[in-house]
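Q: I would like to learn how to read a few features of a structural model, beginning with the way strands are joined into a sheet. Could you take me through them one at a time?

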Amino acid sequence: MKDAPQRLLLVEDDPRLAELVRAHLTEHGFEVEVVERGDVAIERIRAAPPDAVLLDIGLPGQDGLSVCRAVRPDYAGVIVMLTARGDEIDEVLGLELGADDYVAKPVKPRVLVARLRANLRRVAEKRTGEKAHERLVVGELSIDPGRRAVTYRGADVPVSTSEFDLLEILARRAGHVVPREELLGQARGIRYDGLNRSIDLRISRLRRKLGDDPDRPTLIVSVRGVGYMLAAHP
């Protein structure tokens, strides 16, 4: 499936320049909305946060620095300041207010696209890293990827590295069956040959450590011929 285009808000009061930049960015796969006023830009960013904002400094309504100051506390996307001013103070102030980058006019189209993509990639990587370290909570089960620690019903559960990896995979898809071959591939990096029972052994140990009845498990449920599922509300 093709990824949805990244959404940009171009805040520029020069219609001719705005159209040139919009057309170039659209050619490179971005979805671009253009607004001319700073006060309108604040409303648009708050109502439907885009992936990135290209923000001129000299704007009617509110100037670009005021827009950046107003939205940055709640806006986690990319802000790139676009301005014809060659004033170092504006550049420093924009960055201190939370802008991610600063591109001087006349804009070099290829450079603008490269800078935008670099900033969007950096933000995406940061979000991925934060997500990877987020504590996973499924009912009374809590998994801390940063400390590689597991607690269940308020008590620490000592698990091995391979058991932790397996439980984390199941927790990230709690309520959904994870096929045995996928568990084997992600947790151990090997292909399932239909005979390897190492995942089943680890599941058995995890059940024992979590107090899950092996004859009638309610926490880690077996789905015959497919794989395992961590109950969504254990």
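A: Let us begin with one pair of strands, bearing in mind that this is a predicted model. Strand S10 and strand S12 (residues 227-230) run antiparallel and are joined by two bridges. In general, the strands of a sheet pair through backbone hydrogen bonds, either parallel or antiparallel.

Q: Which residue in S12 is the bridge partner of Val 178?

A: The partner of Val 178 across the bridge is Tyr 228, which lies in S12.

Q: What is the order of the strands in the open sheet, and which are the edge strands?

A: The sheet has three strands with antiparallel pairing, in the order S10-S12-S11. Strand S10 (178-179) and strand S11 (220-223) are the edge strands, since each of them pairs on one side only.

Q: Where is Asp 200 placed, and is Asp 200 buried or exposed?

A: Asp 200 belongs to helix H8, which covers residues 198-210. Asp 200 counts as buried because its relative accessibility is 11%, and buried means under 20%.

Q: With which residues is Asp 200 in contact, leaving aside its neighbours within four places in sequence?

A: Those residues are Arg 180 and Tyr 228; Tyr 228 is also the bridge partner of Val 178. With Arg 180 there is, in addition, a polar contact between the two side chains, at 3.1 Å.

Q: Which residues line the largest cavity?

A: The lining consists of Leu 10, Glu 12, Leu 17, Val 21, Leu 82, Lys 105 and Val 107, and by class it has five nonpolar, two charged and no polar residues. The space in this cavity is about 30 Å³.

Technical notes. Residues numbered from 1 in each chain as written. Predicted model: local features only at pLDDT ≥ 70, side-chain atom pairs only at ≥ 80, totals over all residues. Heavy atoms only, no water. 1 Å grid on protein atoms, 1.4 Å probe; cavity = no way out; pocket = protein on both sides within 12 Å on 5 of 7 lines; lining within 4 Å. Points joined across faces, edges and corners; volume = space filled by probe spheres on them. Nonpolar A, V, L, I, M, F, W, Y, C, P; charged D, E, K, R; others polar. Helix = DSSP H or I, 4+ residues; strand = E, 2+ residues; numbered from the N terminus. Buried < 20%, exposed > 50% of the residue type's maximum accessible area, 1.4 Å probe, protein only. Polar contact = N/O pair within 3.5 Å; in protein donor to acceptor, adjacent residues only side chain to side chain. Contact = heavy atoms within 4.5 Å. Pairing = 2+ DSSP bridges.
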